[in-house]
Structures are given as structure tokens and as C-alpha cells.
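Me: Please take a close look at a single part of this model, the salt bridge at its N-terminal end, and set that part in the context of the rest. A connected account would be preferable to a list.

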Amino acid sequence: MIDTPNGEVNVKDLKIGMRVWSVNKNGEKIAVRILNLSSTPTSKDHIVVHLVLADGREVFASPDHPTIN
């Protein structure tokens, strides 16, 4: 599930132009528009890692998950 200003949305239902919550350089929560979406085929032995950040937030992601540079 992805947090948005209108409530949680299943990641499969995200669309370009939708607003989602993010953080700015100061770590403040801000609403931003989705500019790009992508998907990557996975194998049957695909691994998802569970990260717990120092502030208690949790992230589930695949190794080599695309991110902003």
C-alpha cells in the first residue's frame, strides 16, 4: 500500500499524475505528483527485503529497486 493525501492506494493502482506522500530535503512530509511508473518482471525466487528506518518507518523493496538519483 502507498500512502496518499486521499488515503492508502494499492501500488498496482497508481497512475501518472496521482499525488502521493513523499519527503523534502528537510525530511518534511509533502504531497508530490507521480511523474513516471515502471515495472520489472521477476523470477519465482524473487526476494523482497524488509527495511526498518531509524525513525521507525518500514519499507519493503526488491534489491536493485529503482530510485531517484
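**The salt bridge of Asp3 and its setting**

Reply: Asp3 counts as partly exposed, since its relative accessibility is 37%. The model is a predicted one, and every value below is to be read in that light. The partner of Asp3 is Lys29: the two residues form a salt bridge in which the closest N and O atoms are 3.8 Å apart. Asp3 belongs to the segment before β1 (19-23) and Lys29 to strand β2, so this pair ties together parts of the chain that are 26 residues apart in sequence. The contact is counted because 3.8 Å separates the closest N and O atoms, and the criterion asks for a side-chain nitrogen of Lys or Arg within 4 Å of a carboxyl oxygen of Asp or Glu.

Lys29 itself has 53% relative accessibility and therefore counts as exposed. The salt bridge thus joins a partly exposed residue, Asp3, to an exposed one, Lys29. Lys29 has a further contact to consider: this residue lies over the face of Trp21, at 4.6 Å from the ring centre. Lys29 is therefore placed over an aromatic ring, within the 6 Å that the criterion allows between NZ of Lys and the ring centre. As for rings facing one another, the structure holds zero aromatic pairs.

The strands around this site come next. β1 and β2 run antiparallel and are joined by five bridges. One of the pairings sets Arg19 opposite Arg33, its bridge partner in β2. The two strands make a hairpin with five residues between them, and Gly27 in the turn has a positive phi of about 80°.

Two further residues help to describe this hairpin. Ser22 is part of strand β1 and, with a relative accessibility of 30%, counts as partly exposed. Its C-alpha atom is 9.5 Å from that of Arg33, at a sequence separation of eleven residues. On the other strand, Ile30 has its place in β2 and counts as partly exposed at 29% relative accessibility. Between the C-alpha atoms of Ile30 and Arg19 there are 9.7 Å, the two residues being eleven apart along the chain.

To place this hairpin in the whole, one may turn to the overall architecture. The chain has zero helices and four strands, and from the N terminus on its elements run β-β-β-β. Its C-alpha trace spans about 35 × 30 × 25 Å along the principal axes. Of the 69 residues in the chain, 9% are buried.

The other two strands supply a second hairpin. β3 pairs with strand β4 (residues 58-61) in the antiparallel sense, over four bridges. Val59 in β4 is the bridge partner of Leu51. Five residues lie between the strands of this hairpin, in which Gly56 takes a positive phi near 95°.

A salt bridge is also found in this part of the chain. A search of the whole structure finds two salt bridges; besides the contact of Lys29 with Asp3, there is one in which the side chains of Asp55 and Arg57 meet, at 2.7 Å from N to O. Asp55 counts as exposed, with a relative accessibility of 53%, whereas Arg57 counts as partly exposed at 45%.

The bridge partners Leu51 and Val59 also contribute to a nonpolar surface patch of about 370 Å², made by these two together with Ile47, Val49 and Leu53. Ile47 lies in the loop between β2 (29-33) and β3 (49-52). Its relative accessibility is 52%, so Ile47 counts as exposed.

Ala61, by contrast, is buried, because its relative accessibility of 14% falls under the limit of 20%. Ala61 is found in strand β4, and its C-alpha atom lies 8.0 Å from that of Leu51, ten residues away in sequence.

To return to the part in question, the salt bridge of Lys29 and Asp3 involves a lysine that also lies over the face of Trp21.

Conventions:
Residues are numbered from 1 along each chain as its sequence is written. This is a predicted model: local features need pLDDT of at least 70, side-chain atom pairs count only at pLDDT 80 or more; totals for chains, interfaces and linings use all residues. Side-chain values use heavy atoms; hydrogens and water are left out. Patches are made of residues with over 30% relative accessible area and no salt bridge: like charges are joined within 9 Å, nonpolar side chains (Val, Leu, Ile, Met, Phe, Trp, Tyr) within 5 Å. Accessible areas come from the Shrake-Rupley method with a 1.4 Å probe; for residues, only the protein chains shown count as cover. Buried means under 20% relative accessible area, exposed over 50%, partly exposed in between (1.4 Å probe, protein chains only). Two strands pair if DSSP finds at least two bridges between them. Rings of Phe, Tyr and Trp (its six-membered ring) pair if their centres lie within 6.5 Å; planes under 30 degrees apart count as stacked, over 60 as edge-to-face and the rest as tilted. A charge sits over a ring if NZ of Lys or CZ of Arg is within 6 Å of the ring centre and within 35 degrees of the ring normal.
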